[in-house]
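Dear colleague,

I am passing on the structure we spoke about, and I would be grateful if you could look through it with the notes that follow. Please keep it open while you read, since the notes go from one residue to the next.

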Amino acid sequence: MMRALFPVVTLLVAIFMFMSGSGALPAVLGVRLDHAGYATPLIGLVGTSYFVGLTVGSVVILRLVGRVGHIRAFAVFVSLFSASALAYSIVQAIPLWIVLRFVDGFCVAGVFVCLESWLNDQAETERRGGTLAFYMMALYGGQALSQLLLSVEMGNPRLPFVIASLILSLTVIPVALTRMVAPATEDQQPFALRRLYAASPLGLVGAMATGLMLGAFYAMAAIHAQRIGMSNLAIASLIASVIAGGVILQWPLGRLSDRFDRRMVIVICFALTALICGAMTLVTDPGIFTFLGVLFGGFAFALYPLCVAHTNDHLAANERTGATGGLILTYSAGAAVGPLASALAMTVAGPGGLYLFIGAVAALAFAFGIWRQFVALPVPGEEQHSFQILPRTTPMIAALDPELPADDDPEERRV
């Protein structure tokens with residue numbers, strides 16, 4: 001495993017630092033806007049703007065990186081994000097923050113494209129799985145650690161933004177000093193929605209539903225927690241716990257899906273997510289709520305890689321990169337809708353409307369999955385490909401899937 005780590009340690013340090021500086025901004029911004037009394041739909045629009053920028057950036061940035069090079073592009077995206085973080089501390093205005101969150105999403109897509117294409121180039125074929133595992137640890141570890149920014153004001157409301165900008169600025173150093181040769185850029189064409197649905201209806205619908213749920217959570221969870229009386233430290237612990245739960249349960253759920261009908265595991269995850277969200281609408285005790293958050297993260301975070309694995313079960317090896325790219329864009333489109341839709345639900349139903357919305361999306365996806373069980377046969381267990389944990393970042397991450405070298409074409413199936 002150390003041999004898999006050594007060639008890409010600079011990139012792993014960079015992604016850890018970047019997520020440590022940026023991961024808490026959605027919660028910090030949401031808490032600030034809610035405390036200032038802005039309408040919930042406007043706060044949701046700020047969250048939606050970020051995911052729109054992320055989606056747009058995932059589509060167009062690779063050509064820009066190809067023209068100026070990975071190191072220059074990375075430095076530009078991180079520097080712009082750092083400046084944006086400082087801008088939040090100077091002016092608190094919804095129109096400006098909507099624009100800044102779009103810029104943030106665009107920059108995040110740029111950072112991920114630069115680092116993930118570099119990882120794809122550096123990782124040896126037989127060690128892609130180990131490289132991907134380390135990348136996931138750095139990404140989610142930095143994101144969880146970043147939540148501490150919610151509780152470091154110490155009487156200075158600008159301090160979280162200044163610290164975030166400081167960490168982001170330092171992120172440029174390991175990449176700027178690297179001696180690694182930048183990779184050639186190869187444009188990966190994601191599958192169109194129609195082609196994805198033809199290959200795997202449940203995979204496409206599941207990815208969209210997961211985007212709706214997690215986009216809503218990331219943008220609005222801190223606001224819900226604040227409105228039910230949780231402190232900033234408790235909110236930080238909640239979000240970090242959800243991320244930890246998502247990391248811990250993905251692997252056992254994935255292994256379970258390798259042994260049984262993967263569709264059933266997906267359906268069960270949607271069902272449990274809906275039930276947990278129902279409980280989260282009723283609970284206000286911080287300890288119990290955080291425990292439910294761990295379970296929510298465990299089942300909800302597992303859904304995207306399960307949907308990718310399920311889709312890959314119906315594709316030839318040379319089609320899986322395009323399919324994974326299409327699924328991450330589908331997820332991002334759902335995530336762009338989730339914040340605004342959940343904000344409207346919170347306006348109608350109160351703070352608990354967030355988890356009512358997430359639970360309703362999960363219940364609808366569950367019903368769709370049950371219907372697919374009746375109209376299509378499962379993939380035989382011996383023909384299923386191994387589950388692989390994948391982050392929900394950009395289409396570039398698809399090439400790190402260690403299952404890609406498989407060369408056996410599955411029979412034409414529709415699920």
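**What was found**

D34 is buried, with a relative accessible area of 13%, and please bear in mind from the start that this value, like the others here, comes from a predicted model. Although D34 is buried, its partner R227 counts as partly exposed, at 30% relative accessibility. The two residues form a salt bridge in which the closest N and O atoms are 2.6 Å apart. Because D34 belongs to helix α3 (residues 25-35) and R227 to helix α10 (residues 201-227), the pair ties together parts that are 193 residues apart in sequence.

How many salt bridges does the structure hold? There are two of them, and R101 and D104 form one, with their closest N and O atoms 2.8 Å apart. These residues both sit in helix α6 (residues 94-122), and because they are three residues apart there, about one helical turn separates them. R101 is buried, and D104 is buried as well.

You may also wish to look for disulfides, but a search of the whole structure finds zero of them. Two cysteines are still worth finding in the viewer: C107 is buried, with a relative accessible area of 0%, and C277 is likewise buried, with a relative accessible area of 0%.

Another residue to look at is I163, which lies in helix α8 (residues 159-176). Is I163 buried or exposed? The answer falls in between, because its relative accessible area is 27%, which makes I163 partly exposed. Leaving aside residues up to four places away in sequence, I163 touches L149 and V152. If you then turn to S82, you will find that I163 and S82 are 81 residues apart in sequence, while their C-alpha atoms are 9.9 Å apart in space.

Finally, here is the chain as a whole. Its secondary structure comes to 15 helices and zero strands, and of its 415 residues, 59% are buried. If you consider the contacts between residues at least 6 apart in sequence, 87% of them join residues at least 24 apart. The chain exposes about 16,000 Å², and carbon and sulfur atoms supply 68% of that area.

With best wishes

Conventions. Residues are numbered from 1 along each chain as its sequence is written. This is a predicted model: local features need pLDDT of at least 70, side-chain atom pairs count only at pLDDT 80 or more; totals for chains, interfaces and linings use all residues. Side-chain values use heavy atoms; hydrogens and water are left out. Helices (H or I, at least four residues) and strands (E, at least two) are DSSP runs, numbered from the N terminus. Buried means under 20% relative accessible area, exposed over 50%, partly exposed in between (1.4 Å probe, protein chains only). Contact means heavy atoms within 4.5 Å. A disulfide is a pair of cysteine sulfur atoms within 2.5 Å. A salt bridge is a side-chain nitrogen of Lys or Arg within 4 Å of a carboxyl oxygen of Asp or Glu. Accessible areas come from the Shrake-Rupley method with a 1.4 Å probe; for residues, only the protein chains shown count as cover.
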